[in-house]
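These are my notebook entries on a structure that was new to me. I set down what I looked up, topic by topic.

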Amino acid sequence: MKDWLENILKTLAGKLTLAFLGLMSLVMLGMIVIIGFTIGHGRALAWAIGGSILSLVLATAAFYAFVNRITDPLRDLTEFAQQTNLKRLGVRLDIRSGDELEILARALNRMMQRLDASMKRIQQLAFVDTITELPNRDRFRQETDEAAKSNAANNLVGAVISIDVDKFIRVQETLGQIAGEELLGLVAERLSAAVRASDRIVRLQTCIARPALLARTGISEFAVLIPDIDDPTQAGRFAQLVAAGLRQHFELGGHRIVLGACAGIAIFPQDGETGEEVLRSADLALSHARNGGRNRSVFFTRKMNQRALEKLVLENEIRAGIEQGQFMAYFQPKVDLGTGRIHGCEALVRWNHPTQGMVSPTKFITAAEETGLIAPLGDYIMRDAAKKAAAWLRRGIALRVAVNVSAMQFNDDNFTAKVQSILAETGLPASLFELEITESIAMSNPDRVIRLLEPLRNKGVRIAIDDFGTGHSNLAALTRMPFDVFKIDQSFIRALGKDRNAPTMIETIIAMAGGLNYETVAEGVETQEQAAFLKKRGATLGQGYLFGSPMSADQFEAHARNWAARADGLSPAPSIEGLRRTS
């Protein structure tokens with residue numbers, strides 16, 4: 001009986017049932033007692049009724065007090081549910097009712113404990129770099145923001161140093177992702193030690209109370225927050241000391257790796273009042289340091305901000321220009337040095353700006369490369385050139401058109417399919433299309449070059465290696481790759497008559513091309529003497545202002561027809577200079 005009662009009392013329903021039975025029992029007992037009393041003492045019926053009511057009221061009050069004691073835990077549970085949020089995950093319920101409510105409270109406490117641990121783990125993942133275990137960019141920005149606010153209130157000066165590890169990405173591409181992450185860990189350890197040592201040297205008085213903070217902010221980028229400095233020269237010295245810590249070589253998998261570092265320095269509050277502004281200023285300074293060469297430290301200036309704004313405006317204009325069809329292919333003729341006839345042309349990009357008119361490529365190509373827009377721009381020009389060459393063909397002019405391929409275009413794994421799609425879309429025969437790949441692209445990954453270009457070459461597309469002689473070609477790899485044309489860089493042509501070694505270099509390239517059964521195109525031909533030299537040495541084609549400047553599709557078509565008519569009307573074959581004068 002005792003165990004049965006204890007089991008009943010462990011459930012909320014049992015408690016309520018017993019409370020209700022107790023209430024009814026009290027009421028009935030009270031009424032029996034009162035009725036017996038009134039009968040035994042000859043009292044009036046009114047006494048019995050009044051006593052019964054009093055008994056009922058007292059029993060109800062006792063029942064309410066009992067039920068209220070049961071519902072208090074329910075109220076605690078309700079308030080707990082309503083007030084719980086991500087900032088109160090440490091709160092716990094203390095309910096000792098011995099029933100389902102206590103079990104529920106314990107379950108909720110365990111859930112909140114797990115949730116609290118999960119949120120702490122999520123915050124760690126959100127603000128800590130998993131590879132180096134350093135604070136990440138978001139955490140660094142928050143810390144810099146707090147330091148900037150504190151310094152503004154106390155009239156102090158601080159600094160942020162953005163650091164880029166030279167050659168890290170190249171090493172990672174060479175050795176692989178796993179080795180790259182291992183190297184990154186070693187770099188982080190080396191930088192952490194350098195930051196601690198530099199802090200003690202430069203900020204001896206405040207390095208303990210407000211130590212410098214190192215974070216990883218990009219693939220190969222780190223940043224240092226120096227909470228307070230006496231003057232900007234301390235930040236410059238700090239940057240030099242930290243960068244020096246990377247100059248000692250690393251040992252990784254039997255490889256001896258030597259890295260370096262560039263640094264951009266921003267001072268706050270003068271270079272930014274918030275963490276985001278200061279970090280952006282430091283990143284801009286770092287960009288200028290990288291452009292100026294290795295192992296440089298550069299302080300942010302307002303001019304950098306102006307240049308960045310101009311670059312942003314130019315980027316937006318380039319993007320709009322691509323979308324609105326403002327860019328177009330211009331064509332420069334290539335002439336057969338043996339026959340004097342136009343053999344083909346190279347497509348060059350021009351920008352017909354709505355307010356500035358025709359814009360030179362020197363003003364937008366670099367910006368397009370830096371912003372990643374060179375890929376869509378290159379695809380646009382490739383399609384435009386193929387479309388116009390196909391139109392010439394329909395009007396009886398069959399000339400091969402060559403287009404330049406940027407490194408970013410070539411990095412697209414769908415490059416081969418994209419070229420095939422353009423040819424199918426425009427109706428241009430593959431035999432009248434040529435792709436110019438720079439020597440640096442070709443040598444960076446010969447296997448990729450073969451994989452992407454061989455299918456196109458098998459279809460009839462010609463493949464040229466552009467700017468040949470300016471890089472460091474691996475001749476063994478070169479013979480395996482699917483090239484048809486060597487383009488002799490114009491720097492060698494311009495050096496004729498000025499550099500005694502130039503003729504030998506040109507002759508060597510032409511001889512090499514002949515041995516590999518390649519065609520040669522000499523760029524930058526501007527004089528009859530240059531053309532005569534190249535013809536005598538066996539160069540196949542010449543390209544340059546001697547034969548015509550880049551021109552629109554309509555102008556080139558007229559130029560080609562006029563050139564052909566003059567050539568057909570002269571016998572023997574006309575001189576190039578004569579054709580140039582009469583075209």
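**Entry 1: strand pairing**

How many bridges join strand 1 to strand 3, and do the two run parallel or antiparallel? I note before answering that the model is a predicted one. I found seven bridges between strand 1 and strand 3 (residues 221-229), and the two strands run antiparallel. Within this pairing I looked up isoleucine 163, whose bridge partner in strand 3 is phenylalanine 222.

I then turned to strand 6 (residues 260-268), which is joined to strand 1 by nine bridges, again in an antiparallel arrangement. Here I recorded valine 165, whose bridge partner in strand 6 is alanine 261.

I also asked how covered strand 1 is. Strand 1 spans residues 157-166, and nine of its 10 residues are buried.

**Entry 2: nonpolar cores**

Which residues of the largest nonpolar core touch the most other members? I listed Ile318, Phe331, Phe415, Phe433, Leu435 and Phe483, out of 83 residues in this core. Helix 12 is the element that gives the most to this core, with nine residues.

A second core, separate from the one above, has 35 residues, and I noted Ala159, Val165, Phe238 and Ile257 among them. Val165 is thus on record twice in my notes, as a member of this second core and as the bridge partner of alanine 261.

I returned to phenylalanine 483 to list its contacts, leaving aside neighbours within four places in sequence. Its contacts are Ile437, Ala442, Val449, Arg457, Ile463, Ala464, Ile465, Leu478 and Tyr518.

**Entry 3: the largest pocket**

I looked up the largest pocket and recorded a volume of about 1200 Å³. Its lining is made up of 39 residues, and those closest to the centre are Glu346, Leu348, Ile365, Asn404 and Asp466.

Which elements supply at least two residues each to this lining? I wrote down four strands and four helices as follows.

- The strands are strand 9 (342-353), strand 11 (400-405), strand 12 (433-438) and strand 13 (462-468).
- The helices are helix 11 (365-371), helix 12 (374-394), helix 13 (407-410) and helix 18 (490-494).

By class, I found 16 nonpolar, 13 polar and 10 charged residues in the lining of the largest pocket.

**Entry 4: the second largest pocket**

The second largest pocket has a volume of about 500 Å³. I counted it as lined by 17 residues, with Ser287, Arg307, Ala308, Lys311 and Glu370 the closest to its centre. Helix 9 (275-291), helix 10 (302-323) and helix 11 are the elements that give two or more residues to this lining. Helix 10 holds the largest share, with eight residues.

I noted that helix 11 appears in the lining of the largest pocket and also in that of the second largest pocket. The classes in the second lining are six nonpolar, five polar and six charged residues.

**Entry 5: the cavity**

How many cavities of 30 Å³ or more does a search of the whole structure find? I recorded one. The volume of the largest cavity is about 50 Å³.

Its lining consists of Lys334, His343, Gly344, Cys345, Arg400, Ala402, Glu434, Glu519 and Leu541. Strand 9 and strand 11 are the elements that give two or more residues to this lining, and strand 9 gives the most, with three residues. By class, I noted three nonpolar, two polar and four charged residues around the largest cavity.

**Entry 6: backbone details**

Which residues are joined by a cis peptide bond? I found such a bond between phenylalanine 268 and proline 269, with omega at about 15 degrees. Proline 269 is placed in the loop between strand 6 and helix 9.

I next looked up positive phi values outside glycine. Glutamate 133 has a phi near 60 degrees, and its place is the loop between helix 4 (100-127) and helix 5 (137-154). Is glutamate 133 buried or exposed? I recorded glutamate 133 as exposed because its relative accessible area is 65%, and exposed requires over 50%.

Asparagine 155 also has a positive phi, of about 60 degrees, although it is not a glycine. I located asparagine 155 in the loop between helix 5 and strand 1. With a relative accessibility of 71%, asparagine 155 counts as exposed.

Notes
Residues are numbered from 1 along each chain as its sequence is written. This is a predicted model: local features need pLDDT of at least 70, side-chain atom pairs count only at pLDDT 80 or more; totals for chains, interfaces and linings use all residues. Side-chain values use heavy atoms; hydrogens and water are left out. Buried means under 20% relative accessible area, exposed over 50%, partly exposed in between (1.4 Å probe, protein chains only). Two strands pair if DSSP finds at least two bridges between them. On a 1 Å grid over the protein atoms alone, a cavity is a set of points where a 1.4 Å probe fits but cannot get out, and a pocket is an open set with protein on both sides within 12 Å along at least five of seven lines; lining residues have an atom within 4 Å of a point. Grid points are joined across faces, edges and corners, and a volume is the space filled by probe spheres set on the points. Ala, Val, Leu, Ile, Met, Phe, Trp, Tyr, Cys and Pro count as nonpolar, Asp, Glu, Lys and Arg as charged, and the others, Gly among them, as polar. A nonpolar core is a set of buried Ala, Val, Leu, Ile, Met, Phe, Trp, Tyr and Cys residues joined through side-chain atoms within 4.5 Å. Contact means heavy atoms within 4.5 Å.
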